[in-house]
Amino acid sequence: MNDRVRVDLAAHRRARPRTGAHDELVEQTPVGDVLVRELIRVQLGLALRLAGVVAVALGGLPLLFTLWPAGTRVDVGGIPLPWLLLGILSFPFLFGAGLVYTRLAERNEADFAALVGRPTDPHRKP
């Protein structure tokens, strides 16, 4: 009647086999840490590549007009070409770059979610 049962929750937790990457993340194991670091590395790489494209595109315009001085005297619809490119068209370009970054970053996150077994948002288009 006085049988005592010892419950060791830590031993039970260690003995339980892991079922996948999701468990690795939840339990903050070294494997889960590697998975998160890989996601961060992929997202950083994407950000740096896209920032490079933007820097070359917008930063190259002054170089273009230095190498082609006649381009500074070209008018498009009464607006000088440098003003048109740097003052007007740069904003839609930056908006488009932001949109591309957002879509690609969301795709990376969806791939990561599929890898770890977490369901993605069913309303989101692939």
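**View A. Helices α3 and α4 pack at an angle of about 170°, with 11 Å between their axes.** This angle makes α3 roughly antiparallel to α4, since angles over 145 degrees are classed in that way. On the side of α3, the contact is made by Leu-58, Leu-61 and Phe-65. On the side of α4, the participants are Leu-81, Pro-82, Leu-85 and Leu-86. By class, the residues of this contact comprise seven nonpolar, no polar and no charged. As in every view of this set, the model shown is predicted.

**View B. The protein chain as a whole provides the setting for the close-ups, with five helices and two strands.** Read from the N terminus, the order of elements is α-α-α-β-β-α-α. The chain has 126 residues, of which 20% are buried. Its exposed surface is about 10000 Å², and carbon and sulfur atoms supply 65% of that area. Of the contacts between residues at least 6 apart in sequence, 53% join residues at least 24 apart.

**View C. Leu-61 is a residue of helix α3 and is in contact with Leu-85 and Leu-86, sequence neighbours within four places being left aside.** The relative accessible area of Leu-61 is 13%, so the residue is buried, the limit for that class being under 20%. Leu-61 and Leu-85 are separated by 24 residues in sequence, while their C-alpha atoms are 8.1 Å apart in space. Leu-61, Leu-85 and Leu-86 are also among the residues that form the contact between α3 and α4.

**View D. Leu-64 lies in helix α3, and its C-alpha atom is 9.9 Å from that of Pro-82.** Along the sequence, Leu-64 and Pro-82 are 18 residues apart. Leu-64 has a relative accessibility of 38% and therefore counts as partly exposed. Pro-82, by contrast, is listed among the buried residues of α4.

**View E. The buried residues of helix α4 are Leu-81, Pro-82 and Leu-84.** The elements that cover these residues include α3 together with the strands β1 (75-76) and β2 (79-80). Helix α4 itself spans residues 81-88.

**View F. The axes of helices α4 and α5 cross at roughly 35° and come within 5 Å.** From α4, the residues Leu-85, Leu-86, Gly-87 and Ile-88 take part in the contact. From α5, their partners are Ser-90, Phe-91 and Pro-92. Sorted by class, the contact of α4 with α5 contains five nonpolar, two polar and no charged residues.

**View G. Helix α3 (residues 30-67) packs with helix α5 (residues 90-116) at an angle of about 165°, their axes lying 11 Å apart.** The two helices are therefore roughly antiparallel to each other. Their crossing is right-handed. The contact of α3 with α5 has 19 nonpolar, three polar and one charged residues. The contributors from α3 include Leu-35, Val-36, Leu-39, Val-42, Gln-43, Leu-46, Ala-47 and Leu-50, as well as Val-54, Ala-57 and Leu-58. Those from α5 include Ser-90, Phe-93, Leu-94, Ala-97, Tyr-101 and Leu-104, together with Ala-105, Asn-108, Glu-109, Phe-112, Leu-115 and Val-116. Leu-58 of α3 also takes part in the contact with α4, and Ser-90 of α5 is likewise listed in the contact of α4 with α5.

**View H. Asn-108, a residue of helix α5, is in contact with Leu-39, Val-42, Gln-43 and Leu-46, neighbours within four places in sequence being left aside.** These four partners are among the α3 residues that meet α5. The relative accessibility of Asn-108 is 19%, and the residue therefore counts as buried, a class that requires a value under 20%.

How values were computed: Residues are numbered from 1 along each chain as its sequence is written. This is a predicted model: local features need pLDDT of at least 70, side-chain atom pairs count only at pLDDT 80 or more; totals for chains, interfaces and linings use all residues. Side-chain values use heavy atoms; hydrogens and water are left out. Axes are lines fitted to C-alpha atoms, for helices over the stretch in contact, and angles run from 0 to 180 degrees between N-to-C directions. Angles under 35 degrees count as roughly parallel, over 145 as roughly antiparallel, 65 to 115 as roughly perpendicular and the rest as oblique. A crossing is left-handed if the near helix is turned anticlockwise from the far one by less than a right angle, and right-handed if clockwise. Contact means heavy atoms within 4.5 Å. Ala, Val, Leu, Ile, Met, Phe, Trp, Tyr, Cys and Pro count as nonpolar, Asp, Glu, Lys and Arg as charged, and the others, Gly among them, as polar. Buried means under 20% relative accessible area, exposed over 50%, partly exposed in between (1.4 Å probe, protein chains only). Accessible areas come from the Shrake-Rupley method with a 1.4 Å probe; for residues, only the protein chains shown count as cover.
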